[in-house]
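User: I should like to go through this structure and ask, for each description, on what grounds it is made. Please set the values against the criteria wherever a conclusion is drawn.

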Amino acid sequence: MKWTVGTLVKRASEILKERGIKTARLDAELLLAHALGFPDRVKLYTEFEKPLTEEEVENYRKLIVRRAKGEPVAYITGKKEFYGYTFRVEKGVLIPRPETELLVDVVVEYLKGKEGKTVVDVGTGSGCIIITLCKLLGRTHRYIGTDISSIALKVADKNRRIHGCKDVKLVKTDLLKSIEPPVSVVVSNPPYVPLGDRKLEESVKKFEPAVALFGGKDGLEVIRRLIPQSYEKLETGGLIALEVGEGQAEAVKELLELCGFKGIKFHKDISGIDRVVSAVK
Ligand SMILES: C[S@@+](CC[C@H](N)C(=O)[O-])C[C@H]1O[C@@H](n2cnc3c(N)ncnc32)[C@H](O)[C@@H]1O
């Protein structure tokens, strides 16, 4: 059988759908665009009738097999969009999530009209938060990303180069341990999934790094350490902005209050979940 772009995408999306993958058509398109070296999946539609070589079909088949086994598209293509920028990702590094873009908005709002501030992204992973802030706000501030994972820091380093943000400093440390005060902003999407969480998707559990996901028994173990460390290192009036899991905002508010933080706010994501908690010292 002679496959074309159109017939192959149709067949691959049927296969992925049979495996229970909800985004079957989108994934089939993203993977074919990747296999053919197209800049985006829109190009598939202008090449719909294009006949494919046996080699192209075989390469694509291998990608579909990986996706059918649950591997996330971003690990197969090696990239993920975040805030309109493309970030490199690989196994061992969390795939940036759209809801995390809210953290960027909260920090940008706080920094409006300010200059010369020090912004620290704790648990930077791919670097998506701190590099996006650097892209949006430019050189008026100092940017630091910390992580405990060497793979994460290697990927963040690649991303800072790709995005021309070599000024973003990357530090291997436990949370804020080796960061010199005063810090103006602590922003973090920390690991906050409770161990044994039944709501966590199988493919996330199977493919994404445990160190990026799990925050101990109740999900709050990392946050519980990060809040007092942040209070210690932040300047007076400095901001803390934390991404939290569904149903964790109230508990995080209590932890912040206990430490002396003021002006605590909840910020909802597009699903109406209190996703970011912010406060000032
Ligand atoms: C949920 S991921 C967030 C990654 C990235 N900031 C994002 O939003 O896509 C949490 C990150 O925290 C890092 N991490 C976990 N424990 C840490 C610790 N004690 N100190 C520093 N980083 C830590 C993980 O390696 C991971 O990269």
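Analyst: Let us begin with a single residue of this predicted model. Leaving aside residues up to four places away in sequence, T173 touches T146, D147, I148 and S178.

User: Where does T173 lie, and why is it called buried?

Analyst: T173 belongs to the loop between strand 5 and strand 6. Its relative accessible area is 9%, and buried means under 20%, so T173 is classed as buried.

User: What makes the pair T173 and S178 a polar contact?

Analyst: The side chains of T173 and S178 are joined at 3.1 Å. The limit for such a pair of N or O atoms is within 3.5 Å, so the distance qualifies as a polar contact.

User: Which other features are found in the loop between strand 5 and strand 6?

Analyst: L175 is in this loop, and so is P182. L175 has a positive phi of about 50° although it is not a glycine. With a relative accessible area of 11%, L175 is buried, because the cut-off is under 20%. The peptide bond from P181 to P182 is cis, with omega near 5°.

User: What makes the classification of Y83 partly exposed?

Analyst: The relative accessible area of Y83 is 26%. Buried requires under 20% and exposed over 50%; the value of Y83 falls in between, so the residue is partly exposed. Y83 sits in the loop between strand 1 (79-82) and strand 2 (85-88). Its phi is near 55°, a positive value in a residue other than glycine.

User: How are the strands of the sheet ordered, and what makes strand 5 and strand 8 its edges?

Analyst: The open sheet is formed by 7 strands in the order 5-4-3-6-7-9-8, with mixed pairing. Strand 5 (169-172) and strand 8 (262-268) each have a single partner strand, so one side of each is left without a neighbour in the sheet. On average, neighbouring strands of this sheet are turned by 15° against each other, direction ignored.

User: How do you know that strand 3 and strand 4 are paired?

Analyst: Strand 3 and strand 4 are joined by 5 bridges and run parallel. Pairing calls for at least two bridges, so the criterion is met. One of the positions is V122, whose bridge partner in strand 4 is T146. From strand 3 the chain passes through helix 7 (residues 128-137) to strand 4, in a β-α-β crossover that is right-handed.

User: On what grounds are strand 4 and strand 5 said to pair, and how does the chain connect them?

Analyst: Strand 4 and strand 5 share 4 bridges in the parallel sense. Since at least two are needed, they count as paired. D147 has K172 as its bridge partner in strand 5. The chain crosses from strand 4 to strand 5 through helix 8 (residues 150-162), and this β-α-β crossover is right-handed.

User: What makes strand 4 mostly covered?

Analyst: Of the 6 residues of strand 4 (residues 142-147), 5 are buried.

User: How many bridges join strand 6 to strand 7, and which helix packs there?

Analyst: Strand 6 (residues 183-188) and strand 7 (residues 234-243) run parallel and are joined by 5 bridges. V185 stands opposite L239 in strand 7. Helix 6 (residues 101-111) packs on the sheet, touching strand 3 (118-122), strand 6, strand 7, strand 8 and strand 9 (274-280). The direction of helix 6 makes about 160° with that of strand 7. Helix 12 (residues 249-259) lies across strand 7, strand 8 and strand 9, at about 165° to strand 8.

User: Why is I227 counted as buried, and which residues does it touch?

Analyst: I227, in helix 11 (residues 221-233), has 1% relative accessibility. That value is under 20%, so I227 counts as buried. Not counting residues up to four places away in sequence, I227 touches I240, L242, V252, L255, L256, C259 and F261. I227 and F261 are 34 residues apart along the chain, and their C-alpha atoms are separated by 9.2 Å.

User: Into which domains is the protein divided, and how far apart do their centres lie?

Analyst: The division is into domain 1 (5-69) and domain 2 (79-280). Their C-alpha centres lie 34 Å apart.

Notes:
Residues numbered from 1 in each chain as written. Predicted model: local features only at pLDDT ≥ 70, side-chain atom pairs only at ≥ 80, totals over all residues. Heavy atoms only, no water. Axes fitted to C-alpha atoms, helices over the stretch in contact; angles between N-to-C directions. Contact = heavy atoms within 4.5 Å. Buried < 20%, exposed > 50% of the residue type's maximum accessible area, 1.4 Å probe, protein only. Right-handed = clockwise from strand over helix to strand, strands pointing away. Polar contact = N/O pair within 3.5 Å; in protein donor to acceptor, adjacent residues only side chain to side chain. Domains from an automatic or database assignment.
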